[in-house]
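Visitor: Could you walk me through this one while I have it open on the screen?
Guide: Gladly; ask whatever comes to mind as you turn it around.

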Amino acid sequence: SALFDSVLRPVITRAAGSQRIKQTSQRLPVTERVVDRFVAGESESDALAAIADALGSGLSVTIDHLGEDTTDETQASATVAAYLSLLQGMSQFEAPPGALEVSLKLTALGQCLPRHGRKIAEENTHTICGAAAAAGVLVTVDAEDHGTVDERLDIVRTLRGEYPELGTVLQAYLRRTEDDCQEFAASGARIRLCKGAYSEPASVAYPERSLIDEAYLRCLRILMKGTGYPMVASHDPTMIEAAELMAIEFGREPHSWEHQMLYGIRADEQQRLATAGHAVRVYIPYGQEWYGYFVRRLAEKPANLGFFLRALVSG
Ligand code: FDA
């Protein structure tokens with residue numbers, strides 16, 4: 001696992017940006033079958049079916065229309081259209097308050113466009129926030145690589161003026177994140193705390209798992225102690241248990257924070273927590289642009305890579 005962390009993980013994660021590997025993988029049917037474990041499907045109706053399943057099992061949902069790093073304004077507009085259509089579909093569900101959410105990536109909405117990227121991403125997010133509010137659906141902005149954080153948090157701060165329930169993600173592996181947690185714990189925000197899934201230099205991120213885990217616990221404590229709504233996005237039993245204990249320590253009501261996990265990962269644990277009366281949300285990605293997301297899931301766990309390679313060889 002040390003070899004995996006130091007050598008293979010950075011290679012795999014960087015491969016997420018490689019167009020050639022991406023195109024090849026998207027043509028491989030066998031890859032798609034492995035992908036099915038982590039992605040609800042390619043179409044909106046696949047996403048809606050997955051929502052119905054999750055709600056039926058007592059889980060809340062957050063839906064991600066896959067895509068990132070757009071350098072084309074038309075593509076960014078197509079992403080907005082996909083979210084508007086999805087929101088329309090989601091508004092048909094009878095769900096408990098707060099159970100429906102969409103997650104979005106600013107780089108899919110234009111943040112990296114060479115001209116006016118920030119402005120376009122902000123306008124596109126504003127459009128989605130308006131439609132989501134009308135549909136009774138929450139919105140959370142995902143965290144991407146460290147170079148995008150300042151601009152993202154700035155956009156979120158601005159839009160929260162109009163939509164205070166707009167949430168965002170903080171990544172515990174970044175050295176800056178404790179400070180960000182201080183800011184967002186005080187202002188009553190919805191913050192999804194995760195460990196972090198991108199390949200980052202040691203200058204900005206903790207390089208070792210043990211350091212990342214310690215940072216996660218420090219960040220979690222800040223959020224749990226604060227007045228916001230912490231969203232504990234982790235499959236790690238240590239983090240899950242720590243969250244439960246901190247909630248008791250800080251006298252939090254059961255529905256003043258929640259657990260979150262990814263579609264297809266530890267589904268039994270998601271169900272166990274929900275049955276025990278905890279708020280649990282599952283992050284459900286769908287769409288054709290699954291490559292970057294899929295590669296990050298492979299990089300998180302050596303066994304996933306073995307599973308993928310075996311499927312390639314035997315398929
Ligand atoms: P850790 O990696 O230590 O895993 C703990 C255990 O969980 C493993 O031992 C295994 O059992 C299981 N597990 C974890 N990953 C698995 C996998 N891929 N396949 C199979 N089993 C696995 N990151 C980011 O940079 N920006 C973001 O916006 C988000 N958003 C986000 C939303 C939600 C709801 C979640 C749960 C996660 C994210 N992430 C993310 C990903 C996050 O940063 C992190 O990479 C993964 O959650 C894995 O870290 P864990 O905390 O689960 O612990």
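Visitor: On strand E2, which residues sit on each side, and are they buried or exposed?
Guide: Leu100, Val102 and Leu104 lie on one side of E2 and Glu101 and Ser103 on the other, and all are buried, where buried means that 20 or more other C-beta atoms lie within 10 Å of a residue's own, exposed means 12 or fewer, partly exposed is in between, and C-beta atoms are placed from the backbone. In a regular strand the side chains alternate between the two faces of the sheet. The strand covers residues 100-104, and strands here are DSSP runs of E with at least two residues, helices being runs of H or I with at least four, both numbered from the N terminus.

Visitor: Before I go on, how far can I lean on the model and its numbering?
Guide: This is a predicted model, in which local features need pLDDT of at least 70 and side-chain atom pairs count only at pLDDT 80 or more, while totals for chains, interfaces and linings use all residues. Residues are numbered from 1 along each chain as its sequence is written.

Visitor: Okay, what is E2 joined to?
Guide: Four bridges join E2 to strand E1 (residues 60-65), and the two run parallel; strands count as paired if DSSP finds at least two bridges between them. One of the bridge partners in E2 is Glu101, which is matched with Thr62.

Visitor: And which residues have the most contacts inside the largest nonpolar core?
Guide: Leu193, Cys219 and Ile284 do, in a core of 85 residues; such a core is a set of buried Ala, Val, Leu, Ile, Met, Phe, Trp, Tyr and Cys residues joined through C-beta atoms within 7 Å. Helix H9 (residues 209-225) gives the most to this core, with seven residues.

Visitor: What does Leu193 touch?
Guide: Leaving aside residues up to four places away in sequence, its contacts include Leu170, Tyr216, Cys219, Leu220, Leu223 and Met231, a contact being two residues whose C-beta atoms, placed from the backbone, lie within 7 Å.

Visitor: Switching to the ligand, which residues come nearest?
Guide: Of the 25 residues around the ligand, Asp142, Cys194, Ala197, Ser234 and His235 come nearest, with a residue counted as near if its C-beta atom, placed from the backbone, lies within 6 Å. The shell divides into 11 nonpolar, six polar and eight charged residues, on a scheme where Ala, Val, Leu, Ile, Met, Phe, Trp, Tyr, Cys and Pro are nonpolar, Asp, Glu, Lys and Arg are charged, and the others, Gly among them, are polar.

Visitor: Which element supplies the largest share of that shell?
Guide: Strand E7 does, with three residues. Elements that each supply at least two include strand E4 (167-171), strand E5 (190-194) and helix H12 (291-300).

Visitor: How covered is H12?
Guide: Mostly, since eight of its 10 residues are buried, among them Tyr291, Phe294, Arg297 and Leu298.

Visitor: Where are the residues with odd backbone angles, like His116?
Guide: His116 is in the loop between E2 and helix H6 (117-135), and has a positive phi of about 55 degrees although it is not a glycine. Arg266, in the loop between E7 and helix H11 (267-275), likewise has a positive phi of about 55 degrees without being a glycine. Most residues other than glycine have a negative phi.

Visitor: Is His116 buried or exposed?
Guide: His116 is exposed because 12 other C-beta atoms lie within 10 Å, whereas Arg266 is partly exposed, with 16.
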